Amino acid sequence: YEIRVTLLQLACGFSLLACDGSLVQPRLYCNQVIQQKKIYSTETINAMREIINLTHPGNTAQNGRIEGYNVMGKTGTAYLITHGNYDKNRSIYTFVGLIEKGDYKRIICTFIREPKKKNNRPLYAATIAVPLFKHVAHVMISHDTMI
């Protein structure tokens, strides 16, 4: 709650995992990764990749798996601020994910702000933002394989 980042900053952080710890120049869409200097060790990156892999037993976003692809990601749920205080009735749900297969790597950030509740059931990023990520990933994969 005390750290704020933009979706672009979140995607840049995830690109470190896709590029073995090397910082990359962000682009909205890029067929070629332009690597810059390496800022994290391979051991650190591999440890993070293992933790956020959707096959990891503790990962709450397992419903974001895509057959034939390695998928990693992290959910986030946060209360929004109203009049300087966290408002438990207003939330934002995020998921940043990395899909890869061989040299194919894509990072997708999704967020949903203040979704409507159904049946007064509690909402979580794993049930709100992850399905959106999966849908976008399927569309992106379909588009990329047609090119």
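**Nonpolar cores, helix α3 and cysteines**

In this predicted model, the largest nonpolar core comprises 18 residues, of which Ile66, Val71, Phe95, Ile99 and Phe133 touch the most other members. At least two residues of this core are supplied by each of β4 (85–101), β5 (104–113) and α3 (125–146), and the largest share, seven residues, comes from α3. Phe133 is in contact with Gly64, Val71, Phe95, Gly97, Ile99, Ile108 and Thr110, when residues up to four places away in sequence are not counted. A second core, separate from this one, consists of eleven residues, among them Leu16, Leu17, Ile52 and Met72.

The length of helix α3 agrees with expectation, because its 22 residues should span 32 Å at 1.5 Å a residue and its end C-alpha atoms lie 31 Å apart. Within α3, the buried residues include Ala125, Ala126, Ile128, Ala129 and Val130, and further along the helix Phe133, Ala137, Ile141 and Asp144 are buried as well. These buried residues of α3 pack against β3 (70–82), β4 and β5. In general, residues three or four places apart in an α-helix point the same way, because the helix has 3.6 residues a turn.

With regard to the cysteines, the structure holds zero disulfides. For Cys12, the closest cysteine sulfur is that of Cys109, and the distance of 8.9 Å between the two sulfur atoms is too far for a bond. Cys12 counts as buried because its relative accessibility is 18%, under the 20% cut-off, and Cys19, with a relative accessible area of 9%, is likewise buried.

Definitions and conventions:
Residues are numbered from 1 along each chain as its sequence is written. This is a predicted model: local features need pLDDT of at least 70, side-chain atom pairs count only at pLDDT 80 or more; totals for chains, interfaces and linings use all residues. Side-chain values use heavy atoms; hydrogens and water are left out. A nonpolar core is a set of buried Ala, Val, Leu, Ile, Met, Phe, Trp, Tyr and Cys residues joined through side-chain atoms within 4.5 Å. Buried means under 20% relative accessible area, exposed over 50%, partly exposed in between (1.4 Å probe, protein chains only). Helices (H or I, at least four residues) and strands (E, at least two) are DSSP runs, numbered from the N terminus. Contact means heavy atoms within 4.5 Å. The expected span of a helix is 1.5 Å times one less than its number of residues. A disulfide is a pair of cysteine sulfur atoms within 2.5 Å.
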